[in-house]
Amino acid sequence: MSLSDATKMQMMKCLSCAAEGDMGRRYECIVCGESVTYCGECYDGGKNVPSDKHKYYHPMKAIYNREFFELYFLGEELVNGEAPQSYKCAFCDELGFTAEELQLHVLEKHSGHSDAPKLLDILEQMSEEKKATEIRCQEKSRGGLSYEVILAEPAPNVAVPKRPVTPGKNVSVEEIEQKLKAAEERRISLEARKMAEISIKLAKVEEATRKKDEITNEFITQTKEQLENKMETHVEKREAIISDMKEKLKIHAQEIEKTRETLEQQKANEQKAIEEKLKTAQALRDENIKKMLNRLKEHNTIKIAEIKTQNNQLENQKLEEKARIIENKLFTAEQNREKELLKKIEKAQKLERRAEVVRQNKAQTQDMDGQQSPIASSG
């Protein structure tokens with residue numbers, strides 16, 4: 001590990017628990033980079049919280065130090081200079097995908113999801129970056145120096161720099177052929193070694209797959225046996241419970257039948273007693289009704305006579321009261337008539353006096369006119 005890598009690792013900080021430095025195993029967002037980093041425990045605990053920039057579907061890359069790499073991968077060699085990655089589908093939480101497998105999985109099962117195109121674009125960019133550095137292997141020279149050989153696709157239209165010819169040295173055709181032959185042999189040897197490494201890795205993968213299948217089959221068999229045993233135990237318990245319930249229900253039904261018969265007998269006895277009481281009550285009621293009718297008849301005869309006497313008295317009193325009221329009214333009317341006559345007589349007398357005054361005034365006026373006429377004739 002170089003000084004810059006050590007400094008970078010010390011600057012790493014988990015967004016959840018704020019752990020710093022060498023976290024052994026950490027997870028880093030492929031899209032957001034080092035700004036979104038979680039330690040292994042926080043990531044396993046589901047604390048990968050999305051934000052405005054960091055989306056929930058962003059793939060997370062696992063990064064190990066040497067100790068954890070050997071612990072998890074048993075000294076397996078790096079793939080393209082990095083630890084083998086296993087991604088999780090953000091839509092169904094299914095695990096164990098490579099980038100290419102996850103891309104196919106999203107296309108097949110989640111193509112209708114609203115965020116599927118964005119995730120596919122990210123996976124496509126990851127695939128293009130992988131193609132740009134297709135083969136990366138680490139070798140060591142005899143001197144102990146390590147270097148990386150990166151074989152990428154040739155860039156088109158790029159001017160290849162020419163190596164300057166060393167002055168004063170003549171290279172023959174045979175030496176050139178020998179160097180080309182040696183280079184070809186080295187290339188063939190390198191390819192053979194790479195193919196051998198690939199074959200070893202494929203064998204490991206096949207072995208791991210076989211072991212996984214064996215473990216899965218063994219787990220399925222054990223689980224099936226356990227389930228069958230549980231089912232048998234459950235069936236036995238269920239049958240025992242059902243038989244016990246049937247026995248209890250039978251005893252309960254017998255008790256119910258006895259109780260019903262007892263209640264019916266009590267009901268019949270109570271019904272007879274009620275009927276006898278009703279007959280006795282009916283006889284008493286009839287006798288009481290007869291007595292009450294006789295009493296009512298006697299009471300009605302006396303009461304009717306009293307009522308008639310009272311009515312006659314009331315009518316006589318009303319007639320006397322009416323006669324007295326009429327007499328009072330007649331007396332009042334007579335007095336009012338006399339008062340009216342007096343008023344009219346007084347009014348007539350007043351009119352007569354006024355007429356007499358008028359006649360006297362008229363006679364005086366005539367006398368005065370007679371006296372004036374002779375005086376006028378003499379003048």
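**Salt bridges in the predicted model**

In this predicted model, R25 and D44 form a salt bridge in which the closest N and O atoms are 2.7 Å apart. R25 belongs to strand 1 (residues 25–29) and D44 to helix 2 (residues 40–44), so this pair ties together parts that lie 19 residues apart in sequence. The two partners can also be described by their accessibility. R25 has a relative accessible area of 11% and is buried, whereas D44, at 53%, counts as exposed. The cut-offs explain these labels: R25 is called buried because its value falls under 20%, and D44 exposed because its value is over 50%.

Side chains of opposite charge can pair when their charged atoms come close. In this structure, the count comes to 13 salt bridges.

Helix 6, which spans residues 173–378, holds both R260 and E264. These residues form a salt bridge, with 2.6 Å between the closest N and O atoms. They are four residues apart, about one turn of the helix. Both R260, at 37% relative accessibility, and E264, with a relative accessible area of 44%, are partly exposed.

Another pair in helix 6 is R324 and E321, which are three residues apart and therefore separated by about one helical turn. Their side chains meet in a salt bridge, at 2.0 Å from N to O. R324 counts as partly exposed at 41% relative accessibility, and E321 likewise counts as partly exposed at 36%. Salt bridges can also share partners: E184, R187 and E191 are joined in this way into one network.

How values were computed: Residues numbered from 1 in each chain as written. Predicted model: local features only at pLDDT ≥ 70, side-chain atom pairs only at ≥ 80, totals over all residues. Heavy atoms only, no water. Salt bridge = Lys/Arg side-chain N within 4 Å of Asp/Glu carboxyl O. Helix = DSSP H or I, 4+ residues; strand = E, 2+ residues; numbered from the N terminus. Buried < 20%, exposed > 50% of the residue type's maximum accessible area, 1.4 Å probe, protein only.
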